[in-house]
Amino acid sequence: MSQIFNSAALVGSTGLVGSEILNILLSHPSSPKTYALGRRALPQTSQHLFPLISPETSTWTESLKSISPSPPIFFSGLGTTKAAAGSIAAQRAIDHDLNLDLARAAKESGVKVYVLISAAGVSASSSFPYPKMKGELEEEVKKLNFEHTIIVKPGLLLGDRQERRPAEAASRAIANGLRAISNGWLTNAWAQDATVVARSAVVAGEQCLEGERQKGVWILGQGDIVKLGKPSTQHDQTQG
């Protein structure tokens with residue numbers, strides 16, 4: 001691994017995918033300094049982990065800008081639910097507005113590679129609030145013109161969530177059952193493990209930092225996620 005991967009910044013590090021990205025970064029053979037923005041203390045500790053903790057999300061953009069030197073890559077796994085936020089407007093303030101503010105701050109700080117964990121099926125033209133806000137975010141971060149913009153679009157996320165999501169519970173139970181009897185081939189097209197999604201995000205980011213990808217926007221669909229997220233594609237085989 002090139003020495004260019006010497007630091008990274010991350011928001012959403014207590015979420016399902018974000019926590020897996022954090023674990024991968026902290027065990028990465030390049031030992032990048034990892035700056036994690038968040039509201040509360042993290043369960044992980046490491047000499048390479050630098051938490052930037054504040055319950056006031058309005059301070060996060062300045063915290064990101066204060067990192068010196070600026071990390072070459074920024075991962076966003078930030079997101080919430082309507083139930084947790086309290087309303088669609090409050091959810092949009094996090095999923096769209098705060099994410100976009102942080103992306104702009106990353107761009108202003110000199111971040112080269114921006115990685116967004118989004119979702120399959122979202123669209124700025126959707127008539128439904130959640131896919132619309134996520135789709136609008138995708139379109140707006142593309143316009144920021146990072147050297148590399150990576151948008152990761154998983155299907156149903158499988159893994160142990162800290163929060164309850166009853167609406168997804170039945171689908172997740174079906175997916176877990178099918179995965180257990182098929183080694184994943186019955187579910188890879190519509191549901192992915194959070195660890196696989198996280199690996200794909202880190203591997204894609206590494207490839208961009210290494211100059212293995214042309215500059216511009218790279219959309220990772222579910223097939224790409226499964227391919228890049230296999231343990232064999234990760235430098236550290238201890239992951240997953």
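Which strands does helix 5 lie across? Keep that in mind as you open the viewer; this is a predicted model, and the tour starts with its sheet.

**Stop 1: the sheet**

Show the strands and hide the rest for a moment. You're looking at an open sheet of 7 strands, in the order 3-2-1-4-5-6-9, with parallel pairing. Strands in a sheet are held to each other by backbone hydrogen bonds, in either a parallel or an antiparallel way. Color residues 49-53 and 216-220: these are strand 3 and strand 9, the edge strands, each pairing on one side only. Tilt the view and follow the twist, which averages 15 degrees from one strand to the next.

**Stop 2: strand 1**

Now select residues 7-11, which make up strand 1. Is this strand enclosed or open to the outside? It is largely enclosed by the rest of the structure, because 5 of its 5 residues are buried. Both faces are covered: Ser7, Ala9 and Val11 are buried on one side, with Ala8 and Leu10 buried on the other.

Add strand 2, residues 33-38. Strand 1 and strand 2 run parallel and are joined by 5 bridges. Two pairs of partners are handy to label: Ala8 with Thr34, and Val11 with Leu37.

**Stop 3: Gly38**

Stay on strand 2 and pick Gly38. With a relative accessible area of 10%, Gly38 counts as buried, because the cut-off is under 20%. Setting aside neighbours within four places in sequence, show what Gly38 touches: Leu52, Ile53, Ser54 and Trp60. Then draw a distance from Gly38 to Leu10, C-alpha to C-alpha: the two are 8.9 Å apart in space, yet 28 residues apart in sequence.

**Stop 4: helices over the strands**

Bring back helix 1, residues 16-26. Helix 1 lies across strands 1, 2, 3, 4 and 5, and runs at about 165 degrees to strand 1.

Next, bring back helix 5, residues 129-142, and settle the opening question. Helix 5 lies across strand 5, strand 6 (148-152) and strand 9, running at about 175 degrees to strand 5.

**Stop 5: helix 4 against helix 5**

Leave helix 5 on and add helix 4, residues 88-109. A packed pair of helices is described by the angle between the two axes and how far apart those axes are. Here the angle is about 10 degrees and the axes are 10 Å apart, so helix 4 and helix 5 are roughly parallel to each other. To see who makes the contact, turn on side chains: the helix 4 side includes Ile88, Arg92, His96 and Leu100, while the helix 5 side includes Tyr130, Met133, Leu137 and Val141. Sorted by class, this contact has 8 nonpolar, 3 polar and 5 charged residues.

**Stop 6: a cluster of rings**

Last, look for aromatic rings. The whole structure has 3 aromatic pairs. Zoom in on Tyr114 and Phe146: their ring centres are 5.0 Å apart and their planes sit at 15 degrees, so this pair is stacked. Tyr114 is in strand 5 and Phe146 is in the loop between helix 5 and strand 6, so the pair ties together parts 32 residues apart in sequence. Are these two rings' residues buried or exposed? Tyr114 is buried, at a relative accessible area of 0%, and Phe146 is buried too, at 5%. Add Phe74 to the selection, and you have the cluster that ring pairs make of Phe74, Tyr114 and Phe146.

Technical notes:
Residues are numbered from 1 along each chain as its sequence is written. This is a predicted model: local features need pLDDT of at least 70, side-chain atom pairs count only at pLDDT 80 or more; totals for chains, interfaces and linings use all residues. Side-chain values use heavy atoms; hydrogens and water are left out. Helices (H or I, at least four residues) and strands (E, at least two) are DSSP runs, numbered from the N terminus. Buried means under 20% relative accessible area, exposed over 50%, partly exposed in between (1.4 Å probe, protein chains only). Contact means heavy atoms within 4.5 Å. Axes are lines fitted to C-alpha atoms, for helices over the stretch in contact, and angles run from 0 to 180 degrees between N-to-C directions. Angles under 35 degrees count as roughly parallel, over 145 as roughly antiparallel, 65 to 115 as roughly perpendicular and the rest as oblique. Ala, Val, Leu, Ile, Met, Phe, Trp, Tyr, Cys and Pro count as nonpolar, Asp, Glu, Lys and Arg as charged, and the others, Gly among them, as polar. Two strands pair if DSSP finds at least two bridges between them. Rings of Phe, Tyr and Trp (its six-membered ring) pair if their centres lie within 6.5 Å; planes under 30 degrees apart count as stacked, over 60 as edge-to-face and the rest as tilted.
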